[in-house]
Amino acid sequence: MTVSASTNKHRVVVIGSGFGGLTAVQSLKKADVQVTMVSRTTTHLFQPLLYQVATGILSEGEIAPTTRLVLRNQKNAEVLLGDVTAIDLEAQTVTSKLMSMETVLQYDSLIVAAGAQQSYFGNDQFATYAPGMKTIDDALELRGRILGAFEAAEVTTDPAERERRLTFVVIGAGPTGVELAGQIAELAERTLRGAFRTIKPSECRVILMDAAPAVLAPMGPKLGKAAQERLEKLGVEIQLNAMVTNVDYQGITVKDSGGDERRIECACKVWSAGVQANPLGKLVADQSDGTEVDRAGRVVVEPDLTVKGHPNVFVVGDLMAVKGVPGMAQGAIQGAKYATGVIKKTVAGEDDPRTRKPFKYFDKGSMATVSRFDAVMKVGKIEMSGFLAWLGWLLLHLVYLVGYKNRVSTVLNWLITFSGSGRGQMAITSQMIYARTAMERLESQRRQDALAAAEAADEGEKRA
Ligand SMILES: Cc1cc2nc3c(=O)[nH]c(=O)nc-3n(C[C@H](O)[C@H](O)[C@H](O)COP(=O)(O)OP(=O)(O)OC[C@H]3O[C@@H](n4cnc5c(N)ncnc54)[C@H](O)[C@@H]3O)c2cc1C
C-alpha cells in the first residue's frame, strides 16, 4: 500500500478524468495547491463522439487524449491510474487500486466526478448481447459487431440468417441513439455501397426503438419530429411506445403499448436507453450527514455542490443531481469550475461555507446530429434543424475537443467522410468482437476460484 506523499500545500484529489475531472484539474493550474487526479482510464474521453468511433469515422485516439500528456506542463498536478474502491470522509482519504497495488491519498478537498454508466434497468444480462456506448471499449466492440454483421451476412447462404445479420436495432431514441442509427444507415448506404458481392448493404434494416412516444423527447416535439423525418428519409425504421423485454443472442423481444409481445431477430443490438450514476456517489452520500441519492443513484448535492456535513467534498457532473442541470458536458464543466472556485477561495482564506453563493447553471443548449449536413439544435427558445444546425454542431464539437492535433485530424476525417463516402477507421479485430465474452469468462472463473478458496479455508478451520 502506498500513502500519498506529504506536502504542506492544500491537497486536492479529483476522481475521474472526464469533463468534470479534467476541467477541475485544469482550473486549478495557477492555484497554490497540489492536485492528484485519479481515474480508472488513462484518457479524457469525449463521449459525444463515441458513435463516430463505432461507425468508423474517427479513431479512439482522436477523441481520447492521454491525460498524462494533456497535463504534463501543469506542475501542480499528478495523474494516477487506478480504480477508486473506497472513500473515507472522516479520515479524508481516497483508496484506489491498480491490479494488486493499493494507493491511499489524503485530501483537504475532494472533487468526485466519476460520471455515470449504462443502465439496463435491472437487466444487466442484456449487456452481453446489446452493449451500451459509454467507453472506448464499447465503441470499438460496436464497430466490430456492426462491420462483422455485414461480413457474416455476406458469407451465410441461409436467407433468414442473412436477414437477421442485416438487422440492426438501436434501443433508446435519445441523442446517442439518433446519431448512431443515422450513422449505421449512412455507413451502409454510402461507405459500403458496392463492396460486397452477395449482399446489398443498403438493404439492411436499421431500427431505432424507444419505450417513449417520441424521438429526442427532451428536445421537444418540433425537433423530435424533424429528426424522425430525416431518419426515415435515410431508411431508418422508427418504433415508438415499444419496450424491450428481453435481449438474447438471436434478437430481442418487444412489448408494444397494447401489451402484445413480438420478436425481432437481429444480430447487432445497441443499448442507449438509460444511465445509472457511478456507485461512488452512494458511497459518499452514505457517509454524509443525510445527503441522499435519487433513483438514478445521483447525489442530491447541497446548493454549493457538496454533501451534508462535508463542505470540502464536492460531487460534480453526471454524478450530481441538481434541478435543471442535465447530464451533459456543460453541467460537468460548469460544476467543476464552481467547485474549484470555492477551493481557490478556501486556500486564500476567503471561504466561509455558510455564505457560499449557490451553483448556478447556464444552459448553453443541446444538439444532436441526424446525418451528414443535418442536425437539430435547441438554444434557449431557439429551435433549429438542418444544415445550419449541423454547422453549429461541427464547430462546437471542435472547440471542446482536447488537443490541437486531434482537432486537425478530426477535421480531415470529417472532410473525407462528409464530402465523400470514405471512412478511415474501418479496421476490426477479433478482440473487439470477442473480448467481452472472454472477460466475462475470466471474471466468472475468478469468482469460482475465490469461492473454492474460501470453502477450502472454511474446511481447514473446521478440521483444526
Ligand atoms: C454516447 C454519449 C454521447 C453524449 N453526447 C453528448 C452531447 O452531445 N453533448 C453533451 O453535452 N453531452 C453528451 N453526453 C454526456 C456527457 O458526455 C456527460 O454528461 C459528461 O461526460 C459527464 O462528465 P463527467 O465528468 O461527470 O463524467 P465522465 O465524463 O463520464 O467521466 C467519468 C470519469 O470517472 C472515471 N471513473 C469512474 N469510476 C471510477 C472509479 N471507481 N475510479 C476511478 N475513476 C473512475 C472514468 O474513468 C471517467 O474518467 C454524451 C454521453 C454519451 C455516453
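This report covers the domains, the ligand shell, the nonpolar core and several single residues of a predicted model.

## Domains

The protein is divided into three parts by an assignment of domains. Domain 1 is assembled from separate stretches: 2–40, 82–118 and 276–355. Domain 2 covers 124–273, and domain 3 covers 429–464. Between the C-alpha centres of domain 1 and domain 3 the distance is 33 Å.

## The ligand shell

The ligand is surrounded by 27 residues. Gly20, Gln47, Val84, Asn278 and Asp318 are the closest. By class, the shell holds 10 nonpolar residues, 13 polar ones and four charged ones.

Where does the ligand lie with respect to domain 1 and domain 2? Both domains give residues to the shell, so the ligand lies between them. Several elements supply at least two shell residues each. They include helix α1 (19–27), strand β5 (83–88) and helix α10 (329–347).

## Polar contacts to the ligand

Which atoms of Gly20, Ser39 and Asn278 face the ligand? Gly20 uses its backbone: an N or O atom there lies 2.7 Å from a ligand oxygen. Ser39 uses its side chain, with a polar atom 3.3 Å from an oxygen atom of the ligand. Asn278 also uses its side chain, but its partner is a nitrogen atom of the ligand, at 2.8 Å. Taken alone, the ligand exposes 990 Å², and the protein buries 90% of that area.

Gly20 and Asn278 also appear among the closest shell residues.

## The nonpolar core

The largest nonpolar core has 65 residues. Within this core, Leu49, Phe150, Leu208, Trp393 and Trp414 have the most contacts. Helix α5 (residues 136–155) gives the most to the core, contributing eight residues.

The core is not confined to one domain: domain 1 and domain 2 each provide at least three of its residues. The ligand shell, too, takes residues from both of these domains.

## Residues with positive phi

Two residues have a positive phi although neither is a glycine: Asn241, at about 50°, and Leu305, at about 65°. Asn241 is found in the loop between β12 (236–239) and β13 (242–247). Leu305 is found in the loop between α9 (280–287) and β18 (306–307).

Is Leu305 buried or exposed? Its relative accessibility is 0%, so Leu305 counts as buried. Asn241 has a relative accessibility of 33%, so Asn241 counts as partly exposed.

## Pairs along the chain

Ala212 sits in the loop between β11 (205–209) and α8 (221–234). With a relative accessible area of 23%, Ala212 is partly exposed. Ala242 is 30 residues away from Ala212 along the chain, and their C-alpha atoms are separated by 7.4 Å.

Val25 is part of helix α1, one of the elements that supply the ligand shell. Val25 has 0% relative accessibility and therefore counts as buried. Val25 and Thr36 are 11 residues apart in sequence, with 8.1 Å from C-alpha to C-alpha.

Thr95 belongs to strand β6 (residues 93–98). Why does Thr95 count as buried? Its relative accessibility is 13%, and buried means under 20%. Thr95 and Tyr400 are 305 residues apart in sequence. In space, 31 Å separates the C-alpha atoms of Thr95 and Tyr400.

Key: Residues are numbered from 1 along each chain as its sequence is written. This is a predicted model: local features need pLDDT of at least 70, side-chain atom pairs count only at pLDDT 80 or more; totals for chains, interfaces and linings use all residues. Side-chain values use heavy atoms; hydrogens and water are left out. A residue is near a molecule or strand if one of its heavy atoms lies within 4 Å of it. A polar contact is a pair of N or O atoms within 3.5 Å; within protein, one must be able to donate a hydrogen and the other to accept it, and residues adjacent in sequence count only if both atoms are side-chain atoms. Accessible areas come from the Shrake-Rupley method with a 1.4 Å probe; for residues, only the protein chains shown count as cover. Helices (H or I, at least four residues) and strands (E, at least two) are DSSP runs, numbered from the N terminus. Ala, Val, Leu, Ile, Met, Phe, Trp, Tyr, Cys and Pro count as nonpolar, Asp, Glu, Lys and Arg as charged, and the others, Gly among them, as polar. Domain bounds come from an automatic or database domain assignment. A nonpolar core is a set of buried Ala, Val, Leu, Ile, Met, Phe, Trp, Tyr and Cys residues joined through side-chain atoms within 4.5 Å. Buried means under 20% relative accessible area, exposed over 50%, partly exposed in between (1.4 Å probe, protein chains only).
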